[in-house]
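User: I'm new to this one and would like a close look at a single part, not a tour of everything. Could you pick a helix and show me how it sits among its neighbours?

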Amino acid sequence: MRLLFSIGAVLVTGVLAGGDVAGIAAPGPKFELPETQAQRPVADKDAQAVDVELILAVDVSYSMDMDELAIQREGYAQAIQSKEFLQALKLGPNGRIAVTYFEWAASSDQKIIIPWRLVDGPETADAVAAEIMKTPIRRASRTSISGAITFAMPLFDEDPYRGLRRVIDISGDGPNNNGGPVTVARDAALEKGIVINGLPIMVKEPSYSTMDIDNLDFYYEDCVIGGPGSFVITIKDRDKFKEAIRTKLLMEVAGRRPERPVMRVADKEPRVNCMIGEKIWSDRWGR
């Protein structure tokens with residue numbers, strides 16, 4: 001089941017108000033791990049067990065302005081240090097996660113900012129946050145969500161941890177317009193038992209100059225995310241940017257579905273052409 005919801009509808013009571021995370025982590029419907037994930041503890045018995053192996057894949061394409069990029073960086077750093085995140089962390093069966101953070105733009109442009117790190121409490125969380133913040137902000141051309149997913153997949157095989165779940169967390173403000181089709185990359189990840197969640201950034205009016213689209217949230221829902229319990233959190237208000245990032249990380253650490261999601265009305269044909277970004281680029285540049 002895939003879930004789509006806005007930041008205004010997502011929150012379990014008290015989480016963003018600084019309250020307890022029990023609403024997220026309390027007993028309730030759990031994810032059913034794909035068979036490939038369920039077998040990993042046997043295959044990787046010498047690896048250190050964590051609750052989730054989490055890849056944060058962050059868009060730095062030119063359509064993101066410098067203020068957005070700065071807020072995005074601060075949002076991830078502050079979320080990892082937040083008391084709500086640390087509370088959720090300790091409620092997991094292992095009480096720790098593994099995380100890596102990379103930035104992406106074109107299909108050949110991915111840069112790892114944080115290699116795999118174990119986060120198991122305030123000290124390790126502060127260290128990761130400091131690493132995120134000390135790296136100079138950059139921007140680059142094109143938007144290849146497919147390239148980001150393709151780059152992310154083998155990272156799971158390189159880390160020294162064994163997670164109960166493997167999650168790729170994609171944030172971005174536009175559709176795929178470079179590299180292979182996004183649905184092909186998504187489906188390859190799903191076959192490996194990887195869950196993909198999304199954070200579509202919709203704080204600006206769609207613009208021809210930046211090749212934005214209407215209904216980017218639908219695009220992420222139909223074309224990008226997938227796997228058991230996968231979800232989208234949409235950011236439509238710049239002031240909610242950091243709040244949305246924190247909420248998303250809380251859910252990924254807790255491994256829970258939102259209590260009050262806004263569900264798709266029907267699971268029919270995609271509402272958005274999954275090649276729309278490529279079409280816009282071709283119409284604009286003739287290639």
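Analyst: What follows is a look at helix α12 and its surroundings, with a few other helices alongside.

Before we start: this is a predicted model, where local features need pLDDT of at least 70, side-chain atom pairs count only at pLDDT 80 or more, and totals for chains, interfaces and linings use all residues. Residues are numbered from 1 along each chain as its sequence is written, and side-chain values use heavy atoms, with hydrogens and water left out.

For orientation, the protein chain holds 13 helices and 7 strands (DSSP runs numbered from the N terminus, H or I of at least four residues for helices, E of at least two for strands). Of its 287 residues, 54% are buried (under 20% relative accessible area; over 50% is exposed and in between is partly exposed, with a 1.4 Å probe and protein chains only).

Now zoom in on α12, which covers residues 241-254. Thr-247 sits in this helix, and with a relative accessible area of 2% it is buried. A polar atom of its side chain lies 2.9 Å from the backbone oxygen of Glu-243. Lys-248 is in α12 too, and it counts as buried because its relative accessibility is 0%. What does Lys-248 touch, apart from its neighbours within four places in sequence? Its contacts are Tyr-76, Asp-169, Ile-170, Ser-171, Gly-198, Leu-199, Phe-231 and Ile-233 (a contact means heavy atoms within 4.5 Å).

Next, the helix that packs on α12. The axes of α6 (residues 83-90) and α12 come within 9 Å and cross at roughly 5° (axes are lines fitted to C-alpha atoms, for helices over the stretch in contact, and angles run from 0 to 180 degrees between N-to-C directions). That makes the two helices roughly parallel (under 35 degrees is roughly parallel, over 145 roughly antiparallel, 65 to 115 roughly perpendicular, and the rest oblique). On the α6 side, Glu-84, Phe-85, Ala-88 and Leu-89 meet Arg-246, Leu-249, Leu-250 and Val-253 of α12. Sorted by type, that contact has 6 nonpolar, no polar and 2 charged residues (Ala, Val, Leu, Ile, Met, Phe, Trp, Tyr, Cys and Pro count as nonpolar, Asp, Glu, Lys and Arg as charged, and the others, Gly among them, as polar).

Staying with α6, its buried residues are Glu-84, Phe-85, Leu-86, Ala-88 and Leu-89. They pack against α12 but also against β2 (48-59), α5, β3 (97-104), β4 (110-119) and α7.

Those last two helices are partners as well. The axes of α5 (residues 66-81) and α7 (residues 122-134) come within 8 Å and cross at roughly 175°, so α5 is roughly antiparallel to α7. Arg-73, Glu-74, Tyr-76, Ala-77, Ile-80 and Gln-81 of α5 meet Ala-125, Asp-126, Val-128, Ala-129, Ile-132 and Met-133 of α7. The mix here is 8 nonpolar, 1 polar and 3 charged. You've already met Tyr-76, one of the residues in contact with Lys-248.

For another angle, try α10 (residues 182-191) and α11 (residues 216-224), which pack at about 55° with their axes 9 Å apart. They are therefore oblique to each other.

Finally, how do the contacts spread along the whole chain? Counting those with a separation of 6 or more, 83% are between residues 24 or more positions apart.

Key
A polar contact is a pair of N or O atoms within 3.5 Å; within protein, one must be able to donate a hydrogen and the other to accept it, and residues adjacent in sequence count only if both atoms are side-chain atoms.
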